[in-house]
Amino acid sequence: PTAAPTAAIGPGARRLLTGFARLPPFPDPDSLSTLQYTGGTTGRAKGVELSHRAVAINVSQREALLPTEPARERVLAITPLFHVYATAMCLYLALYCRGALVILPRYHPRLALDAIARERITLFSGSPTIFNGLMGFEGFAGTDFSSLRLCFSGASALPPDTMRRWEAATGAPVCEGFGQTESGPVLAFNPSLGVRKPGSVGIAVPGTEIGVVDAATGTRALPPGEPGEVRARGPALMRGYRNLPSQTAETLRDGWLHTGDIGWLDADGYLFICDRKKDMVIVSGFNVYPREVEEALLLHPAIAEAAVIGVPDPDKGESLRAFVVAAPGLAAAGLRPTAEILAAHLRGLLAAYKLPRDFTWSDGLPKTVVGKIDKQALRGRA
């Protein structure tokens, strides 16, 4: 269209046009957008290089499975925005849908619950630790959750029982997903308008392929139902680790990102995560995934949190040690089940070689800045 005469343009519009004239040119899509650091849960944090193309595509991939309502969403950020989970599921999400982003200066259950009610939050990103912590807080039952339409869970595996209790109490469904900094970060999610499978992290986002290969060589593709290392390829993967060529080559192989997670795919393409490859424990020659033991422990009503690690064992090579936190009411009263009671509980759920040899009660478990249980710290404690 023909531009209007300059004299017909008001002062506000003139300032806007002047501002547009000062904008820099669009960047090359394949140039560096973000240097995002990993959580460092399995070693020193690494700088992940993500291009503008990768970031933009991943936002659209997430939107395909978890569509937002433009200009209507109110998003609560309670984890640090320097971590990829909050960046993708709070910051970029709110920008994409032109929503409101409410940022807590620090996390505390009371602050989070107050913000959900006061700010009429519609989308909430949490983790298993956060969901359990909020449900165990004294003000949870009196919180108004009527504005909340959808929750996301990430950072670590969400026990199905935690999902069921949260949804029953709040009325807001939880979509669990999976990803990592190196993948841009979202790889899979349970679709908000499709089938959600408790215990699964969902289906691959559009344009991304997820496969499972043998953990030993990382080359032999495994059939549905058989656990192995999860790998992925697609348009949102990292360019590489900053100044770490050997680690980049180890992680990116033949176009595939090897995630370091052990999981399996069902016949419908839904991904189930067993555990981190580095967290797997070998007891008397048997592979044990601590997550399975932790979920069994959390089914006991006296336990609020649980973490299981492997420790050296002269007879079995490795054995399991469980760190457990008592439920709030029991903790306040100084009451907790004995090791024998917990072992009896687990015997009804797990094979004998999966039973922890030791149970250590704790007032709390160490956490990373994004709320993951810090197993490195627990190994140091052990």
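**Helix packing and an open sheet: worked exercises**

Helices α2 and α3 are roughly perpendicular to each other, a term that covers angles of 65 to 115 degrees. The model is predicted, with local features needing pLDDT of at least 70 and side-chain atom pairs counting only at pLDDT 80 or more, while totals for chains, interfaces and linings use all residues. Residues are numbered from 1 along each chain as its sequence is written, and side-chain values use heavy atoms, without hydrogens and water.

**Exercise 1.** Describe how α2 and α3 pack, and which residues meet.

*Solution.* Begin with the geometry: α2 (residues 52-65) and α3 (residues 84-96) pack at an angle of about 80°, their axes lying 11 Å apart; axes are lines fitted to C-alpha atoms, for helices over the stretch in contact, and angles run from 0 to 180 degrees between N-to-C directions. Next, Val 55, Val 59, Ser 60, Arg 62 and Glu 63 of α2 meet Met 89, Tyr 92, Leu 93 and Tyr 96 of α3, where contact means heavy atoms within 4.5 Å. The residues of this contact divide into 6 nonpolar, 1 polar and 2 charged.

**Exercise 2.** Determine the strand order of the open sheet and where α2 packs on it.

*Solution.* The 3 strands follow the order β1-β2-β12 with antiparallel pairing, pairing requiring at least two bridges found by DSSP. β1 (32-37) and β12 (240-241) stand at the edges, each with a single partner strand, so one side of each lacks a neighbour in the sheet. Finally, α2 packs on the sheet by touching β1 and β2, and its direction makes about 80° with that of β2.

Technical notes
Helix = DSSP H or I, 4+ residues; strand = E, 2+ residues; numbered from the N terminus. Parallel < 35°, antiparallel > 145°, perpendicular 65-115°, else oblique. Nonpolar A, V, L, I, M, F, W, Y, C, P; charged D, E, K, R; others polar.
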